[in-house]
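Got the viewer open? Let's walk through this one stop by stop, with something to select at each.

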There are 4 protein chains.
Amino acid sequence: MTVTAAVVGASGYAGVELFRLLVGHPEVKLVGAYDIRNVGKRVSEVHPNLRGLVDLRIVKPDYAKIGKQADIVFVATPHGIAMKFVPKLLKGGAKVVDLSADYRFENVRVFERYYVKHESPRVKAVYGLPELHRARIKHAKLVASPGCYPTAAILSVAPLIKRRLIDLDHIIIDAKTGTSGAGAAPGEITHHPITGANIRAYAATTHRHAPEIDQELSKLAGRKIKAHFTPHLIPIVRGILSTTHVFLRKPTSVKALLGLYRKFYEGEPFVRVLEELPEVNFVVGSNYCDIGFELDARSDRLVVVAAIDNLIKGASGQAIQNMNLMFGFDEARGLEAPALRP
Amino acid sequence: MTVTAAVVGASGYAGVELFRLLVGHPEVKLVGAYDIRNVGKRVSEVHPNLRGLVDLRIVKPDYAKIGKQADIVFVATPHGIAMKFVPKLLKGGAKVVDLSADYRFENVRVFERYYVKHESPRVKAVYGLPELHRARIKHAKLVASPGCYPTAAILSVAPLIKRRLIDLDHIIIDAKTGTSGAGAAPGEITHHPITGANIRAYAATTHRHAPEIDQELSKLAGRKIKAHFTPHLIPIVRGILSTTHVFLRKPTSVKALLGLYRKFYEGEPFVRVLEELPEVNFVVGSNYCDIGFELDARSDRLVVVAAIDNLIKGASGQAIQNMNLMFGFDEARGLEAPALRP
Amino acid sequence: MTVTAAVVGASGYAGVELFRLLVGHPEVKLVGAYDIRNVGKRVSEVHPNLRGLVDLRIVKPDYAKIGKQADIVFVATPHGIAMKFVPKLLKGGAKVVDLSADYRFENVRVFERYYVKHESPRVKAVYGLPELHRARIKHAKLVASPGCYPTAAILSVAPLIKRRLIDLDHIIIDAKTGTSGAGAAPGEITHHPITGANIRAYAATTHRHAPEIDQELSKLAGRKIKAHFTPHLIPIVRGILSTTHVFLRKPTSVKALLGLYRKFYEGEPFVRVLEELPEVNFVVGSNYCDIGFELDARSDRLVVVAAIDNLIKGASGQAIQNMNLMFGFDEARGLEAPALRP
Amino acid sequence: MTVTAAVVGASGYAGVELFRLLVGHPEVKLVGAYDIRNVGKRVSEVHPNLRGLVDLRIVKPDYAKIGKQADIVFVATPHGIAMKFVPKLLKGGAKVVDLSADYRFENVRVFERYYVKHESPRVKAVYGLPELHRARIKHAKLVASPGCYPTAAILSVAPLIKRRLIDLDHIIIDAKTGTSGAGAAPGEITHHPITGANIRAYAATTHRHAPEIDQELSKLAGRKIKAHFTPHLIPIVRGILSTTHVFLRKPTSVKALLGLYRKFYEGEPFVRVLEELPEVNFVVGSNYCDIGFELDARSDRLVVVAAIDNLIKGASGQAIQNMNLMFGFDEARGLEAPALRP
């Protein structure tokens, strides 16, 4: 079976990454590349790594039409845009994976507090973190693929929270991202002379991914959680390292914790539980989320470290993982590439 | 058809890259990982990006046995080592792709001037640059896969030399490599505090890849050529950018030159001739060699720029491309991954 | 007044940085460069940035003699070495600033738990953080200059702890360092192909700087504190960003907190309290420690960020600041250079 | 004697570097910071490394007034701007060092071919490369400080050309710059996700610094020279490495060449002739130009490598060196800082 796929938002980094991965997916035929920028150019002119591989021309989107022509539409537009046209795509009959924040929140008011007024608040999506919501993703018409930081953060502590092992008031997530997370638009913060030998914390208590983390952790806990999330920008292009500091409610052995994580993620194709702390170059270029931890038994503090490629497991790879589930393909299809190290 | 493959030199960077690529190759079954270091460890313990993917244990090599068990043996040992055991591998019946310099030189004395005394000087290999020697590679038992710099340098000027368009006495190749080219052994030159914000020229007139370039260019020219090769180390992990400055013997148009290059590389699966200058992020993560040029019509100087991933087209990808030819597979099999950009 | 200065440990990064700073210090005359490595070479052969500036030859140390010849001896040897010879230096009459950990701990058993058996446990030093111990430093014969991480971490929270504003059981210090902190000896962890596009946590609950932080914070609090310290290695050469997550005991305004910090650091020549979060390129190349914070009023979490140049305020600059105090010079003498940005 | 200094173009990278260096210059009093951007902000708000050090407010320039108030005006505006107001500054009585290209060309038509129509073509400046034009700089009212690439390129080969030792038709200058050379305005080319792990050649045959190099080399040779200049952008923030490939007209020994260079640069405060190839981290943070070479005796090719900090010797440091000459100060005053390595 082959599905036809279109990408809306062909110019950005999630876009290029979707093309890069889909071009090698044996069950997918790319049928459309849409954007309001770069109209008329070939995808490979905008993304020269794809020269000779994805030479589709970028077309101005006609959403009604796209929804009819494609079996699956990946939406990789900035936040606040997808909500304007996703209903049209769905109406056309397409399934949709939205990589933006627009449909990630169960409570639309949370979305509106952090982003903008929602224009299609009644359209509901499944939060596309397969490790937590696989069954529902399989039957979804619309999947809201998670943010990059939430993917790493949620997977880091899900087993602990599910099992109520930790103090829920002191979950500190100190995350570090590469610059590709900032997107394709140049700005001072990603200007190489400023960022090339620098590290900065930003949105230290106010990042828009925080409520997304809180939503999912709260569901796992069965009570409202406010995690403490602080992101940093470091001078690498790809990769997120998420360091979560938590406090065990009672002394627990490393062995028991390792068993817990392994059990929780048993059979997961893209979560690897390690006996060492992961580094970003264990995963960059792949769809893996590697997780490891270190226990300070004297204080019952547990440091959980997760590493992902922010553009793959943190965005386009996860979106394709969701698509695989939605169409009944092998969940790992098209996502088998190992990480590049060195 | 499935071939059985073994890698000798499992601990180094060419080794990990061979595993990374071979694990996704549909006609290859990995049957052995050999090294004198890390014996008893799993490949994935040494190379954590391969965890769950290549969990073979590294074994001390018994060459007679390996030559019998594997259809193809990739040799990724330091220079001066392969020559000690490649004859045994061949005797066992295996085909061999050697990624070291040991069999690259037609004149063994050139090898001995730049490296060490040769211990199996009578064993002859085909120089494994498919774009120049495809027919012979197909029937070879032993292929000497080219060096990273020579791959980029030779492909940059082959069409010009073949057609005798340039002054052969003033071919200046100013190349820049990422640090992975230095291999897995730490040293002062690749120590991050020294190299992380630095650029250096090294072996500016004496690099061991120079005679390899000269050998191939001389064959193309039908006369002895001494190109002027100077490498630099820059703070990127992967990638080579090779900038070649040549002087046209008579005025030639950009259009004519573009036509020449396109014709010369017509049908080549891994050479892309661009109308712009390539950058390393057009190719890193892929087996492509991208080539572009800029003409200074006032002085008839042509600046030809080529970009490759030094570990793929410059090493392990090219080795697999050679294997594909040697076994009659589609030449691009297992090497389809596009480059990562960003 | 001119003092004569010698450096023991001339080959390492603290050593070169001492020379780089001392050569411009108007009251200092460099009289000796000592090491057991590189004996006979000029300082500028080992550190080519100093060519023409510090051409002293490196001499094998004779400690009794050094202690007589120099007014001040900077000891920049690896941990566990200084303790063997500092008594001899002092006996000779020199004042000593030790940049290693050997004399940083008031309780020698703490040192011995994290390092090695102490060989001169009765020799006592002043902990050389001028912002906390200025008065005692002025009269010290031996100053133990703080570690790089402790400098940033302690200055980040000293005002809060002194004033008892925070929950002392949940002080999480998530720090990030450039690679120069690892020293001049190459190793796999600082090998550019591995670290050049990577980030890793290390010694996540066991770093040797943790007890040093605890010692100083405990003194400020008047009770025993165990902070939660986790360091990371990022691909920059210089700089530490230390992100400390703390919880206020009661709601406090940003304005009040800013007032507190400004008051606490009033008149300090090298602490700048900012109204924004500092970045490492605000300080790299200078002796400043920049501090800023962000308050999450909903949870009373305060994120305090401090930035230093690990080799200057985190090592050699601070050592010279200590020397200035010990000899009655202007505390900032020789340390006036602003940071380089970009 | 103290001179009053003003900077026009306070927001850019040459601007911040002028402030950074001037604030430590003992004979200079900063009296004005001018720009059309950031008016009303403090210099230290735009350049946070200068917080507490340069807190002057940025003022919209009134050139007639500036020319009267300041003894020396540094002009650090984009190309094509200085020519509009430098005559007014001079009329006011100030001496001027212009860091832009506007007055670098003796033949205004060359300027107009590469830049824009000149608006004050009769105003003449001295080309501010002290090593070649010291005597004239001392008496100049207006000095045109050289471009970053030309500084490194010209100093690399001046001795060879002056002594007519090389083939003037085959001077290949293959240069590599850090990203700060692109200035403070963000753009795609300096966007970290694109440039952070990349290298590109650009303006490979058409860069605007080429005619500046040709002008100076031609004067040295006494005949018209067209050098072959190709720049590259590499992922470091500061530094230029300029690799020049030349061909000796007759065999010459390394010793003789070294003698020639040493003699030519004898007494120069900021040129260091090395017996090894320089690297950018020998000079970054300093005003030095380090030069070394390697001879390929078989082909009489000489590879000359020069390293500078593009923002110091390539811009603001050199501008201050010129000022020192213009006012009779010690030429090195305020520029004594050694390079940072690591």
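**Stop 1: chains A and C**

Start by selecting chains A and C. Turn chain A through 180 degrees, with 0.0 Å of shift along the rotation axis, and it superposes on chain C with an RMSD of 0.0 Å. The two copies are thus related as by a two-fold rotation axis.

Before going further, remember that this is a predicted model. The predictor gives the complex an ipTM of 0.97 and a pTM of 0.98. Chain A has an average pLDDT of 98, and 100% of its residues score at least 70.

**Stop 2: where A touches C**

Keep those two chains and show the residues in contact. How many residues does each chain bring to the contact? Chain A puts in 36 residues and chain C 35 residues. On the chain A side, colour these elements, each of which supplies at least two residues: strand 8 (172-177), helix 8, strand 9 (200-201), strand 10 (228-233), strand 11 (240-247), strand 13 (289-296) and strand 14 (301-308). Colour by class instead, and this side of chain A shows 18 nonpolar, 10 polar and 8 charged residues. The copies meet through the same surface, because 97% of the interface residues of chain A are also interface residues in chain C.

**Stop 3: helix 1 of chain D**

Now go to chain D and select residues 13-22, which form helix 1. Is this helix mostly covered or mostly open? Mostly covered: 10 of its 10 residues are buried. Among them are D:Tyr13, D:Glu17, D:Phe19 and D:Arg20.

To see what does the covering, add strand 1 (3-8), strand 2 (28-34), helix 2 (43-46), strand 4 (72-75) and helix 11 (312-326) of chain D. Then bring back chain A, since the cover also includes its helix 8 (192-195).

**Stop 4: strand 10 of chain D**

Stay in chain D and select residues 228-233, strand 10. Strand 10 is largely enclosed by the rest of the structure, because 6 of its 6 residues are buried. Show the side chains: D:His228, D:Thr230 and D:His232 point one way, while D:Phe229, D:Pro231 and D:Leu233 point the other. In a regular strand, side chains alternate between the two faces of the sheet.

Which strands pair with it? Strand 8 (residues 172-177) of chain D runs parallel to strand 10, joined by 6 bridges; look for D:Ile172 opposite D:His228. Strand 9 (residues 200-201) of chain D runs antiparallel to strand 10, with 2 bridges. Finish at D:Ala201, whose bridge partner in strand 10 is D:His232.

Conventions
Residues are numbered from 1 along each chain as its sequence is written. Chains are lettered from A and ligands numbered from 1 in the order in which they are written. This is a predicted model: local features need pLDDT of at least 70, side-chain atom pairs count only at pLDDT 80 or more; totals for chains, interfaces and linings use all residues. Copies are superposed by least squares on the C-alpha atoms of residues with pLDDT of at least 70 in both. Two residues are in contact if their C-beta atoms, placed from the backbone, lie within 7 Å. A residue is buried if 20 or more other C-beta atoms lie within 10 Å of its own, exposed if 12 or fewer, and partly exposed in between; C-beta atoms are placed from the backbone. Helices (H or I, at least four residues) and strands (E, at least two) are DSSP runs, numbered from the N terminus. Ala, Val, Leu, Ile, Met, Phe, Trp, Tyr, Cys and Pro count as nonpolar, Asp, Glu, Lys and Arg as charged, and the others, Gly among them, as polar. Two strands pair if DSSP finds at least two bridges between them. pLDDT is the predictor's confidence in each residue, from 0 to 100.
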